[in-house]
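User: I have a structure to go through with you. I want the reasoning behind each label, not just the label.

Analyst: Fine. Show it, and ask about any term you doubt.

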Amino acid sequence: LTSTKNKNAEVMRAIAETYIESENKSLDEAIALLENATKLDPKNEDGHLLLGDALLEKTPANGSPAIVSYKKVLEINPKSPRGIVRIAKLYQRAQNFEEANKYYQEAKSVDATYAPAYRENAELNMMFKQNTKAIENWKKYLELNNSDDARYRFATAMYSGKQYCEVIPEIEGLQSKGFNNFYMERMLTYSYYECG
């Protein structure tokens, strides 16, 4: 900051992100840096997204300050899937299924390759016991991002949807890669029993 004389918004964003993500968070410092960064570079989506994240982290029970920052992202770029998904997640936190789902659908229509929209929509579907839709979203997410964590959540969605025979190869595949936990053992045992 000193070497850039507090005039480089990118440096401010990077430091603020560290303050937000670190184990020992410094949210007030992050917010102050991001407010300055958004003044210096008001058309940068990242600054507004990070500011919204910091505000939400500081007051998790009140999403109003965060949504103001996320909506600024949409003023800059109405087709920003990152901004749309952040707003959807706020509605999801408030357990407003209709609004959250509307924003997830919008994000997917804006950019069909934006994987987080499918993941978050799948989580929303699971939260509201819409297992078939959750599985569809997980499958699309896996096409875009095939990680072990994603496969585990996919197996969980299938298990919740009582697709026990399909759960078995997913869990066994994860276990063969060394990914294992107590819940997987439980799902696998019950799935063997139900699948026959």
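User: How many disulfides does the count come to?

Analyst: One. The model is a predicted one, and the pair is Cys165 and Cys195.

User: What makes Cys165 and Cys195 a disulfide?

Analyst: The S to S distance. It is 1.9 Å for Cys165 and Cys195. The cut-off is within 2.5 Å. The value 1.9 Å meets it, so the pair counts as a disulfide.

User: Why is the disulfide of Cys165 and Cys195 called right-handed?

Analyst: Because the torsion about its S-S bond is about 110°.

User: Which parts of the chain does the pair link?

Analyst: Distant ones. Cys165 sits in helix α10 (residues 164-176). Cys195 sits in helix α11 (residues 182-195). The two cysteines are 30 residues apart.

User: What does the secondary structure of the protein chain come to?

Analyst: It comes to 11 helices and zero strands. Along the sequence the pattern reads α-α-α-α-α-α-α-α-α-α-α. The C-alpha atoms fill a box of roughly 70 × 35 × 30 Å along the principal axes.

User: Now the helix pairs. Why are α2 and α3 called roughly antiparallel?

Analyst: Helix α2 (residues 27-40) and helix α3 (residues 45-58) pack at about 155°, with axes 9 Å apart. Angles over 145 degrees count as roughly antiparallel. The angle of about 155° passes that mark, so α2 and α3 are roughly antiparallel to each other. Their crossing is left-handed.

User: Which residues make the contact of α2 and α3?

Analyst: From α2: Leu27, Asp28, Ile31, Leu34, Glu35 and Thr38. From α3: Gly47, His48, Leu50, Leu51, Ala54, Leu55, Glu57 and Lys58. They divide into seven nonpolar, three polar and four charged.

User: How do you know that α8 is roughly antiparallel to α9?

Analyst: Same kind of test. Helix α8 (residues 131-144) and α9 pack at about 160°, and their axes lie 9 Å apart. The threshold is over 145 degrees. An angle of about 160° clears it, which means α8 runs roughly antiparallel to α9. α8 passes α9 in a left-handed crossing.

User: What is the make-up of the contact of α8 with α9?

Analyst: On the α8 side are Asn131, Ala134, Ile135, Trp138, Lys139, Tyr141 and Leu142. On the α9 side are Ala150, Arg151, Arg153, Phe154, Ala157, Met158 and Ser160. The split is nine nonpolar, two polar and three charged.

User: And what makes α9 and α10 roughly antiparallel?

Analyst: The packing angle is about 160°, with the axes of α9 and α10 9 Å apart. Set that against over 145 degrees. The condition is met, and α9 and α10 are therefore roughly antiparallel to each other. α9 passes α10 in a left-handed crossing. Residues of α9 in the contact include Asp148, Arg151, Tyr152 and Phe154. Among those of α10 are Tyr164, Glu166 and Val167. The contact holds nine nonpolar, no polar and four charged residues.

User: What is the confidence of the protein chain, in pLDDT?

Analyst: The average pLDDT is 94, and 100% of the residues score at least 70. Among the elements, helix α9 (residues 148-160) has the lowest mean, 91. Helix α6 (residues 97-110) has the highest, 97.

Notes. Residues numbered from 1 in each chain as written. Predicted model: local features only at pLDDT ≥ 70, side-chain atom pairs only at ≥ 80, totals over all residues. Heavy atoms only, no water. pLDDT = per-residue confidence, 0-100. Helix = DSSP H or I, 4+ residues; strand = E, 2+ residues; numbered from the N terminus. Axes fitted to C-alpha atoms, helices over the stretch in contact; angles between N-to-C directions. Parallel < 35°, antiparallel > 145°, perpendicular 65-115°, else oblique. Left-handed = near helix turned anticlockwise from the far one by under 90°. Contact = heavy atoms within 4.5 Å. Nonpolar A, V, L, I, M, F, W, Y, C, P; charged D, E, K, R; others polar.
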